[in-house]
Amino acid sequence: MTQSLTQSPPAAAPASVAVRSPLAVLTVILLGQFMAVLDASIVNVAIPAIRTSLHATGSGLQLIVSGYVIAYAVLLVTGARLGDRFGQRTMFLTGLALFTLASLTCGLAWNSGSLIVFRFLQGVGSAAMVPQVMTILQRVFAGPARARALAAYATVISGGMVVGQILGGIIVTSDIAGTGWRGVFLVNVPIGLALLAAAPRILPAVTTGVDRKLDLAGLAVLTASVLALVVPLVLGHEQDWPLWTRITVGASAFGFAAFAMVERWVHRRGGEPLFADRVLRAPGLVLTAATLFLVMCTFGGWIFVLTIHLQSTLGYSALHAGLLFLPNGVTFGLVSLNWTRIPARFHRAMIPTGLLIAALTTIVMGLQMRSGHDIAPLELTVFGLMGIGYGLAFSPLMARATSKIPLALAADASGILVTCVQLGVVIGVAGFGSVFLTLAGSTALSAAHAVGTTATAEGIAILVAAALAARAAR
């Protein structure tokens, strides 16, 4: 517990590697990352079609969205450990193969239950593939090139969520070969097969050579705690919040406390906890992880809520609803890719300022939509400003945290950060989604009021994230 970050065993420190084409490496790993992020959001725009086709309930729809991200989130650190043990290229290819196969089975699902199971398997594949992306990136790129690569990485992570809305709308509306909503999963198959053919020749075959220990006890407690929190939030609004849902949510708090105790126990026995103390003590990592959790909680929840409102309440087509996310996606992408051009003296204030913009625009957009009217240029403008706010925050947050992480801790640190990002999406969809579905009622006006209330709650959460970011900057 007292070992410093700079005193890690030398054998565990992965060396930088030289590759013939760094751009080709970046393209392959970011395409894999993009597919994983895309599948966390592309299904949102297909929700109304899935509900009609498979007769899914509201809670079933939330589990279709969340089941993927739950598996993805809780298994990420374990995936990173397996990458260190068997090699990042091997685990990237293994995860990619499972993800591609699961995408095919999702496209062939016959009911909501089977789709939930196959989505979980998709998440397992992502958890094996995604942690290798950050580790490979940190080994291949250094200095200014790493900063640019990290900017592209961060853009893919959050920008992919917005692109998923637009692409999903195009796929569902186009109804290619009569696939309808199934196309949002089947689109991964040709891309996955192409990457499986190219990646073995492009990715470096490196490993730390360290037999990393797996924290199966911590994994079991974390998974149970996440499920104890998410499942009652998802099912509660349809069952009028029976006693078991409130008991289970309360028990999840004890579960997370037990997880912390198990992690200390694993450390004392000479094991490697999922959330290792020496990684958590990296400068600013805990505050950054907490900030990222809140940011993605609000962002993921808002996309879920807004998608349902646009299609189910306002009656927009999947394509129309998806295109309305374009202003947000464009501004987010432009800012994420160009924030390094802002003078360094403004970087400390940039993240909390961006989150403040995101909070205010979320609240304003929610208040504007309370009347139930169609989306007008004013709402699209505010949505675009929201993308600027998130762009000023998300990419710099990732870059600031990872720039202070020694290579020896790269795999575990990236796993912790991305775990917090994905758990944020899970809790956002379950929590804010349940708030909206509980308040929506049966009329368009009540649903519009529910959007406004949910947006206000999300705006407050972003303000808390801004306060955390300001503290981390100090």
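The exercises below, each with a worked solution, concern selected helices, a loop and a surface patch of a predicted model.

**Exercise 1.** Determine how the end-to-end reach of helix H6 compares with the expected value, where H6 is kinked, and how many of its residues are buried.

*Solution.* Begin with the length: H6 runs over residues 112–140, and the 42 Å from its first C-alpha to its last is close to the 42 Å expected for its 29 residues at 1.5 Å a residue. Next, follow the axis, where a kink of about 25 degrees is found at Ala 127, shortly before the proline Pro 131. Then turn to the start of the helix, where a side-chain oxygen of Asn 111 comes to within 3.2 Å of the backbone nitrogen of Gly 113. Finally, consider the surroundings: 22 of the 29 residues are buried, so H6 is largely enclosed by the rest of the structure.

**Exercise 2.** Carry out the corresponding analysis for helix H3, asking what its span should be, where it bends and how many of its residues are buried.

*Solution.* The 17 residues of H3, numbered 58–74, should span 24 Å at 1.5 Å a residue, and the end C-alpha atoms are 24 Å apart, so the two values agree. The axis is nevertheless bent, by about 35 degrees at Ser 66. As for its surroundings, H3 is mostly covered, with 16 of its 17 residues buried.

**Exercise 3.** In the loop between H7 and H8, examine Asp 175 and Ala 177 for their phi values and their exposure.

*Solution.* First locate Asp 175, which lies in the loop between helix H7 (143–174) and helix H8 (183–186); Ala 177 belongs to the loop between H7 and H8 as well. Then read the backbone angles: phi is positive at Asp 175, about 50 degrees, although this residue is not a glycine, and phi of Ala 177, likewise not a glycine, is near 55 degrees. The last step is exposure, where the relative accessible area of Asp 175 is 37%, so this residue counts as partly exposed, whereas Ala 177, at 79%, is exposed.

**Exercise 4.** Which backbone oxygen does the side chain of Thr 454 reach, and is Thr 454 buried or exposed?

*Solution.* Thr 454 is part of helix H19 (residues 444–473). With a relative accessible area of 0%, below the 20% cut-off, Thr 454 is buried. Its side chain reaches the backbone oxygen of Ala 450 at 2.7 Å.

**Exercise 5.** Identify the residues of the nonpolar surface patch that includes Leu 101.

*Solution.* Start from Leu 101, found in helix H5 (residues 88–107). Together with Leu 104 and Leu 108, Leu 101 forms the patch, whose accessible area is about 290 Å² in total.

Note on methods
Residues numbered from 1 in each chain as written. Predicted model: local features only at pLDDT ≥ 70, side-chain atom pairs only at ≥ 80, totals over all residues. Heavy atoms only, no water. Helix = DSSP H or I, 4+ residues; strand = E, 2+ residues; numbered from the N terminus. Expected span 1.5 Å × (residues − 1). Bend = angle between axes of the 7 residues up to and from the residue. Buried < 20%, exposed > 50% of the residue type's maximum accessible area, 1.4 Å probe, protein only. Polar contact = N/O pair within 3.5 Å; in protein donor to acceptor, adjacent residues only side chain to side chain. Patch = residues over 30% accessible without salt bridge, like charges linked within 9 Å, V, L, I, M, F, W, Y side chains within 5 Å. Areas by Shrake-Rupley, 256 points an atom, 1.4 Å probe, with all protein chains shown as cover. Salt bridge = Lys/Arg side-chain N within 4 Å of Asp/Glu carboxyl O.
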